[in-house]
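Colleague: I'd like to learn how to read helices in a model like this one. Could you walk me through it?

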Amino acid sequence: MDILRFLTAGSVDDGKSTLIGRLLYDSKNILIDQMEALERSSKNREDGSVDLALLTDGLRAEREQGITIDVAYKYFSTPKRKFIIADAPGHIQYTRNMVTGASNADLIIILIDARNGVIEQTKRHSIIASLLNIPHVIVAINKMDLVDFSQNRFEEIKQEYEKVAKALELNGVEFIPISALNGDNIVEKSTKMDWYEGTSLLNRLETIELATSTNLTNARFPVQLVLRPQTEELHDYRGYAGKIESGIFKKGDKVVVYPSKIEATISAVEVNNQEVVEAFAPQSAVLHLEEDVDVSRGSLIAKDDELIKVSNELEATICWMDERPLHLGGRYLLQHNTQVVNAIVKEIRERIDVNTLERFGGVSSVSLNEVVTVKIKTSSPLAYDSYKKIRETGSAILIDTTSYVTVAAVLLK
């Protein structure tokens with residue numbers, strides 16, 4: 001079975017944690033001991049119901065405040081697909097947490113409270129989804145039970161959000177009316193909204209096409225390790241191990257080793273210690289080359305492609321994740337897949353308001369959770385793609401040189 005990684009995002013009280021709890025509960029992915037613990041934790045609720053939000057709100061501080069502070073991950077499966085859920089925080093001061101949760105997501109569920117409609121945080125989460133190029137967007141209009149399951153209210157919010165989606169160039173947005181608290185349209189179709197012609201949320205998660213999420217066209221293979229056993233039986237063995245980030249590699253393929261741009265030919269492909277005809281993303285593999293070329297950790301093996309850029313001057317959008325601000329001229333380590341190089345921030349061009357998408361110049365420093373466009377210079381050339389084209393080789397991180405803490409998510413242009 002394939003795996004769908006999806007993110008839930010919404011304002012503080014829109015019901016993200018309840019939605020995830022309902023998905024787990026109604027799809028029978030809660031163990032008996034977990035259910036007993038939930039019942040004990042919920043025993044003081046006035047209506048006597050089980051608080052399903054506690055399945056994801058694991059931190060005590062979150063439970064006391066009734067909000068999700070960090071990104072909570074949950075795993076579940078159905079007979080059709082496996083799922084990894086990231087429950088992102090709603091507050092603006094936790095933008096970095098949402099970026100972390102969204103970085104590998106195939107799909108985002110944006111929750112909207114049916115009573116409030118599209119609000120500022122809805123737009124912010126949509127802007128981040130647009131910046132991170134998340135392939136699929138489902139807008140779940142929650143708490144329909146509090147607006148009498150009104151079709152008119154659903155259509156109003158849908159039309160309002162479609163304007164936001166158009167401005168952000170979010171394509172293929174889908175809308176589902178739900179009540180996470182009561183389970184309407186979560187796992188089964190609700191009888192209370194017979195005007196809704198679509199399917200339930202879980203059914204859509206099970207059937208949404210993921211082929212567009214895996215790029216099988218542009219072949220990219222960052223080298224993680226050079227294998228040289230040098231034993232008697234494997235005296236001349238030289239293999240390059242790593243994960244295929246995108247595309248397909250076959251025996252006989254003509255490839256280019258970046259950043260040196262040396263051409264070579266694949267002589268063999270191995271997966272799980274067995275030689276195969278081809279390997280494809282996201283498999284881990286070992287590639288062998290006919291030519292004796294200089295390849296090391298951090299090299300990129302790819303089929304020659306005009307999308308690949310090779311430069312030590314990078315333009316990027318970054319989300320700053322450190323308590324200490326970024327200043328012009330700041331020196332960091334930049335990690336791009338398996339390559340780590342020294343980097344300096346040469347220019348801070350614009351700050352992007354994640355609530356309005358407005359851009360402001362004249363920026364000399366960047367604070368926690370701010371999103372800016374920058375120019376970065378690296379100590380050696382980097383082979384990369386635009387994040388908008390290929391997420392896997394268009395993303396990087398900045399690392400503090402003393403604490404080795406990740407201080408920024410980097411989206412290369």
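**Reading two helices**

Modeller: Sure, and keep in mind that this is a predicted model. In helix 6, the buried residues are R153, F154, I157, Y161, V164, A165 and L168. They span an arc of only 100° around the axis, so they sit on the same side of helix 6.

Colleague: Why do residues three or four places apart in an α-helix point the same way?

Modeller: The general idea is that an α-helix has 3.6 residues a turn, so such residues end up pointing the same way.

Colleague: Which elements do the buried residues of helix 6 pack against?

Modeller: They pack against strand 4 (107-113), helix 5, strand 5 (136-142) and strand 6 (174-177). The face turned away from that buried side carries the exposed N152, K163, K166 and A167.

Colleague: What happens at the start of helix 6, and just after it?

Modeller: At the start, a side-chain oxygen of S150 comes to within 3.3 Å of the backbone nitrogen of N152. Just after the helix, E169 has a positive phi of about 60°.

Colleague: How far apart are the end C-alpha atoms of helix 6?

Modeller: They are 26 Å apart, which agrees with the 26 Å that its 18 residues should span at 1.5 Å a residue.

Colleague: And helix 5: how many of its 12 residues are buried?

Modeller: 10 of the 12, so helix 5 is largely enclosed by the rest of the structure. Among them are Q121, R124, H125 and I128. N133, which follows helix 5, also has a positive phi, near 60°.

Note on methods. Residues are numbered from 1 along each chain as its sequence is written. This is a predicted model: local features need pLDDT of at least 70, side-chain atom pairs count only at pLDDT 80 or more; totals for chains, interfaces and linings use all residues. Side-chain values use heavy atoms; hydrogens and water are left out. Buried means under 20% relative accessible area, exposed over 50%, partly exposed in between (1.4 Å probe, protein chains only). Helices (H or I, at least four residues) and strands (E, at least two) are DSSP runs, numbered from the N terminus. The expected span of a helix is 1.5 Å times one less than its number of residues. The arc is that of the directions from the helix axis to the C-beta atoms. Contact means heavy atoms within 4.5 Å. A polar contact is a pair of N or O atoms within 3.5 Å; within protein, one must be able to donate a hydrogen and the other to accept it, and residues adjacent in sequence count only if both atoms are side-chain atoms.
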